[in-house]
Amino acid sequence: MKKALIIDDERLARSELKKLLADHPEIVVIGEAVNAKDGVEKIETLRPDLLFLDIQMPDKTGFDLLAELERTPQVIFTTAYDEYALKAFEYNALDYLLKPVEPKRLADAIHKLHQQEEKERLAAAAGLRNILSENDQVFVKDGDRCWFVKLQEIRLFESVGNYARVYFETNKPLILKSLNALEERLDERVFFRANRKHIVNLRMIEKIDTYFNGGLLLEMKGGKK
């Protein structure tokens with residue numbers, strides 16, 4: 001069973017999608033949201049597995065909503081506009097459905113969801129986590145600039161919505177990866193999830209001080225605290 005949240009400012013669009021989803025009992029609609037602000041609040045409280053997300057809404061766009069999330073559920077965009085399709089897949093969207101949503105296209109999107117789940121299940125059964133070692137190089141691209149960077153040279157990763165800022169040398173480009181996705185592949189003996197927004201390289205810590213409420217303040221090489 002997949003818990004789904006529908007986020008759309010149009011009541012009729014939400015109702016029609018719920019009717020179509022009745023033919024897919026493995027998808028359980030646990031709530032609806034009428035705008036991006038409402039959507040963020042319900043994602044945090046209901047913890048859905050899947051979003052059916054409109055793009056053009058009165059307060060913020062669906063892309064704005066995703067940029068505010070720490071944990072991103074799987075996303076199927078539902079919109080009346082086709083010009084956002086390319087940008088949608090930059091956000092690792094599962095599918096992009098044009099309104100009015102056709103039953104066949106919805107069925108295809110849910111089939112993709114099942115295929116992805118099966119791939120993840122097989123990988124987990126085989127024990128394939130594909131952990132990166134500190135000597136591995138990673139490719140980092142930010143606009144027109146590109147780098148091959150050894151993981152041991154990266155001081156920290158910082159969450160910026162659906163992106164992560166990578167700190168190495170004097171550079172701090174953004175990459176389209178969430179901290180959760182990075183954490184799954186990084187060696188926990190070297191990279192430590194310090195809080196919701198940061199993963200730090202333990203070997204790049206310059207200084208540790210006590211902080212308020214029993215916390216610790218880390219000063220990294222390069223000066224960032």
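Asp 54 is buried, because its relative accessibility is 2% and the cut-off for buried is under 20%. The model is predicted, and the values below are computed from it. Asp 54 sits in a loop, with strand S3 (50–53) on one side and helix H3 (62–67) on the other. The unreviewed UniProt entry places the feature "modified residue: 4-aspartylphosphate" at Asp 54.

Which residues does Asp 54 contact, leaving aside neighbours within four places in sequence? Ile 7, Asp 8 and Asp 9 are in contact with it, as are Gly 62, Thr 78, Thr 79 and Lys 99. One of these partners, Gly 62, falls at the start of the range 62–67 of helix H3.

Turning to the whole protein, the secondary structure consists of six helices and 14 strands. Of the 225 residues, 40% are buried, and Asp 54 counts as buried as well. Contacts between residues at least 6 apart in sequence include 47% that join residues at least 24 apart.

Values for the whole protein are listed here.

| Property | Value |
|---|---|
| C-alpha box along the principal axes | roughly 55 × 40 × 40 Å |
| Exposed area | about 13,100 Å² |
| Share of exposed area from carbon and sulfur atoms | 51% |
| Positive side chains | 36 side chains |
| Negative side chains | 39 side chains |
| Distance between the centres of the two charge sets | 4 Å |

The charged side chains thus comprise a positive set of 36 and a negative set of 39, with their centres 4 Å apart.

Conventions:
Residues numbered from 1 in each chain as written. Predicted model: local features only at pLDDT ≥ 70, side-chain atom pairs only at ≥ 80, totals over all residues. Heavy atoms only, no water. UniProt positions renumbered as here; feature names shortened; annotations may be inferred. Helix = DSSP H or I, 4+ residues; strand = E, 2+ residues; numbered from the N terminus. Buried < 20%, exposed > 50% of the residue type's maximum accessible area, 1.4 Å probe, protein only. Contact = heavy atoms within 4.5 Å. Areas by Shrake-Rupley, 256 points an atom, 1.4 Å probe, with all protein chains shown as cover. Lys, Arg positive; Asp, Glu negative; His and termini not counted. Charge placed at Lys NZ, Arg CZ, Asp CG, Glu CD.
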